[in-house]
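Ready for a few exercises with worked solutions? Keep the viewer open and try each task before reading on.

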Amino acid sequence: MHEMGIAMELADIAIQSIPSALEGSRVRQIHLAVGQLTAVIPDTLRFCFDMVAKNTPLEGAELMIETLPVKARCSACNTCTTLLEPIFVCPACHSGDMEILSGRELDIISISIDEEASPCG
């Protein structure tokens, strides 16, 4: 299950993103873009993230996962297409010479931090 390794890396990055001036703050939300070719199962990643986040500034943070489709360009005829199945054949000319343009991403889009309330109001 590579989702646990991803969750651990994500937790490290998110905790390090909290500015030192906001010590004591919590991460509210993490927005990810995950390509379909990464084979990441969103529910499994959320489960692993929740386990890793326990007793850290990430506990209770929402993990938003945007799934990105597989897009490819045919090298033979230049047709760009979104692949809905794991069949890497051009729908226009039936060539198998496809260049993957997207679908392998695993990117952090944003990390939202809730500042701890000041004791002075």
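The exercises below go from the whole chain down to single residues.

This is a predicted model, in which local features need pLDDT of at least 70, side-chain atom pairs count only at pLDDT 80 or more, and totals for chains, interfaces and linings use all residues. Residues are numbered from 1 along each chain as its sequence is written, and side-chain values use heavy atoms, with hydrogens and water left out.

**Exercise 1. The overall layout**

Work out in what order the elements of the chain run from the N terminus on, and how its radius of gyration stands against the globule rule.

Step 1. Take helices (H or I, at least four residues) and strands (E, at least two) as DSSP runs, numbered from the N terminus. The chain has two helices and six strands, and the order is α-β-α-β-β-β-β-β.

Step 2. Compute the radius of gyration over C-alpha atoms, and the globule rule as 2.2 Å times the number of residues to the power 0.38. The chain comes out at 19 Å, well over the 14 Å from the rule for 121 residues, so it is more spread out than a compact globule.

Step 3. Look at the box along the principal axes: the C-alpha atoms fill roughly 65 × 30 × 15 Å.

Step 4. Count contacts, meaning heavy atoms within 4.5 Å. Of the contacts in the chain with a separation of 6 or more, 72% are between residues 24 or more positions apart.

**Exercise 2. The nonpolar cores**

Find which elements each supply at least two residues to the largest nonpolar core.

Step 1. Sort residues by relative accessible area: buried is under 20%, exposed is over 50%, and partly exposed lies in between (1.4 Å probe, protein chains only). On this scale 33% of the 121 residues are buried.

Step 2. Build the cores as sets of buried Ala, Val, Leu, Ile, Met, Phe, Trp, Tyr and Cys residues joined through side-chain atoms within 4.5 Å. The largest has 19 residues, and those with the most contacts inside it are Ile-30, Leu-32, Leu-45, Phe-49, Leu-58 and Leu-63.

Step 3. Assign the members to elements: α1 (2–16), β1 (26–35), α2 and β2 (62–68) each give at least two residues to this core. The element that gives the most is α1, with five.

Step 4. Check one member. Beyond its neighbours within four places in sequence, Leu-58 contacts Ala-11, Ala-14, Ile-15, Val-27, Phe-49 and Ala-53.

Step 5. Look for another set: a second, separate core has six residues, including Val-70, Ala-72, Cys-74 and Met-98.

**Exercise 3. Two residues of β1**

Decide whether Gln-29 is buried or exposed, and identify which side chain it joins in a polar contact.

Step 1. Gln-29 is in strand β1 and counts as buried because its relative accessibility is 18%.

Step 2. Search for polar contacts (a pair of N or O atoms within 3.5 Å; within protein, one must be able to donate a hydrogen and the other to accept it, and residues adjacent in sequence count only if both atoms are side-chain atoms). One of 2.8 Å joins the side chains of Gln-29 and Glu-62.

Step 3. List what Gln-29 touches, not counting residues up to four places away in sequence: Ala-61, Glu-62, Met-64, Ser-110, Ile-111 and Ser-112.

Step 4. Repeat for His-31, also in β1. His-31 is buried at 18% relative accessibility, and beyond its neighbours within four places in sequence, its contacts are Met-64, Glu-66, Asp-107, Ile-108, Ile-109 and Ser-110.

**Exercise 4. A cysteine pair**

Explain why Cys-77 has no bond to the closest cysteine sulfur.

Step 1. Set the cut-off: a disulfide is a pair of cysteine sulfur atoms within 2.5 Å.

Step 2. Apply it. The sulfur of Cys-77 is 3.6 Å from that of Cys-90, which is too far for a bond. The whole structure has zero disulfides.

Step 3. Add the surroundings: Cys-77 is partly exposed at 33% relative accessibility, whereas Cys-90 is buried at 1%.

**Exercise 5. Positive phi**

Find where Ala-39 and Asn-55 are placed, and give the phi of Ala-39 and of Asn-55.

Step 1. Ala-39 is in the loop between β1 and α2; its phi is near 65°, positive in a residue other than glycine. At 49% relative accessibility, Ala-39 is partly exposed.

Step 2. Asn-55 is in the loop between α2 and β2, with a positive phi of about 60° although it is not a glycine. Asn-55 is exposed, at 74% relative accessibility.
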